[in-house]
Amino acid sequence: MAIENAQLTDTQLDVLTVPAGKRYAITNILVCNTYSPSAADPLTHTSSFDMHFIKDTQSLSNQLTCVVRELTLPAGETFTFDSEKIILEAGDKVSFVAQPENTNYGSGLTDLAVSLSYLEV
């Protein structure tokens with residue numbers, strides 16, 4: 001099993017792209033709002049995100065590739081996507097776009113972190 005970790009951005013972030021000649025099964029995806037709920041002003045650190053499964057020949061599209069749309073995570077909360085296994089072929093991607101409420105740490109970085117696990121099949 002392999003793991004990819006990333007800090008989500010307010011623009012498209014391809015967290016995983018399947019290399020040529022490979023095939024991956026996604027086993028689990030976790031998205032966490034890493035801002036502490038006990039820190040100052042946790043309500044201003046609520047963020048939402050979109051998650052996309054993008055076929056090799058496609059581009060990110062809210063109408064076609066989106067599987068989670070504007071899911072809101074308060075400070076300290078985690079979303080888990082583990083009830084379905086997704087098989088990706090060479091060139092396919094798992095991509096995210098975050099919509100921070102008031103936070104931006106430069107370069108479009110947000111309070112949201114993703115951990116994605118997968119197996120080669």
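## Strands, core and salt bridges in a predicted model

Ala6 sits in strand 1, which covers residues 2-9. The model is predicted.

**Ala6 and its surroundings**

Ala6 has partners far along the chain. Leu116 is 110 residues away in sequence, yet the two C-alpha atoms are 8.9 Å apart in space. Setting aside neighbours within four places in sequence, Ala6 is in contact with Leu13, Val15, Leu112, Ala113 and Val114.

**Thr110 and its backbone contacts**

Thr110 is placed in strand 9. Is Thr110 buried or exposed? Its relative accessible area is 0%, so Thr110 is buried. The side chain of Thr110 has a polar atom 2.9 Å from the backbone oxygen of Leu8. A polar atom of the Thr110 side chain also lies 3.2 Å from the backbone nitrogen of Leu112. Leu112 is also one of the residues in contact with Ala6.

**The open sheet**

Four strands make up an open sheet. Their order is 2-8-4-5, and the pairing is antiparallel. Which strands lie at the edges? They are strand 2 (13-17) and strand 5 (66-73), each of which pairs on one side only. On average, neighbouring strands of this sheet are turned by 20° against each other, direction ignored.

Strand 2 and strand 8 run antiparallel and are joined by four bridges. Strand 8 spans residues 93-100. Opposite Thr17 stands Lys93 of strand 8.

**The nonpolar core**

The largest nonpolar core holds 24 residues. Which of them have the most contacts inside the core? They are Ile29, Val31, Phe49, Val94 and Phe96. Many strands contribute to this core: strand 1, strand 2, strand 3 (23-33), strand 4 (47-54), strand 5, strand 6 (78-81), strand 8 and strand 9 (109-120) each supply at least two residues.

**Salt bridges**

How many salt bridges does a search of the whole structure find? It finds five. Three of the pairs are listed here with the distance between their closest N and O atoms.

| Acidic residue | Basic residue | Closest N and O atoms |
|---|---|---|
| Asp14 | Lys93 | 3.4 Å |
| Glu120 | Lys22 | 3.4 Å |
| Glu89 | Arg23 | 2.8 Å |

Take the salt bridge between Lys93 and Asp14, with its closest N and O atoms 3.4 Å apart. Lys93 belongs to strand 8 and Asp14 to strand 2, so this pair ties together parts that are 79 residues apart in sequence. Lys93 is the residue that stands opposite Thr17. Lys93 is partly exposed, with a relative accessible area of 26%. Asp14 is also partly exposed, at 32% relative accessibility.

Next comes the salt bridge of Glu120 with Lys22. This pair links distant parts of the chain, 98 residues apart. Glu120 is in strand 9, and Lys22 is in the loop between strand 2 and strand 3. Are these residues buried or exposed? Glu120 has 51% relative accessibility and therefore counts as exposed, because the cut-off for exposed is over 50%. Lys22 has a relative accessible area of 32%, so it is partly exposed.

Glu89 forms its salt bridge with Arg23. Glu89 lies in strand 7 (residues 86-89) and Arg23 in strand 3, so the pair ties together parts 66 residues apart in sequence. Glu89 counts as partly exposed at 38% relative accessibility. Arg23 also counts as partly exposed, at 37%.

Asp50, Arg69 and Glu70 are linked in a network of salt bridges.

**Positive phi angles**

Glu70 has a further feature. Its phi is near 50°, a positive value in a residue other than glycine. Glu70 lies in strand 5, one of the edge strands of the sheet. At 47% relative accessibility, Glu70 counts as partly exposed.

Asp41 also has a positive phi, of about 55°, although it is not a glycine. Where is Asp41 placed? It is in the loop between strand 3 and strand 4. With 53% relative accessibility, Asp41 counts as exposed.

Terms used
Residues numbered from 1 in each chain as written. Predicted model: local features only at pLDDT ≥ 70, side-chain atom pairs only at ≥ 80, totals over all residues. Heavy atoms only, no water. Pairing = 2+ DSSP bridges. Axes fitted to C-alpha atoms, helices over the stretch in contact; angles between N-to-C directions. Contact = heavy atoms within 4.5 Å. Core = buried A, V, L, I, M, F, W, Y, C linked by side-chain atoms within 4.5 Å. Buried < 20%, exposed > 50% of the residue type's maximum accessible area, 1.4 Å probe, protein only. Salt bridge = Lys/Arg side-chain N within 4 Å of Asp/Glu carboxyl O. Polar contact = N/O pair within 3.5 Å; in protein donor to acceptor, adjacent residues only side chain to side chain.
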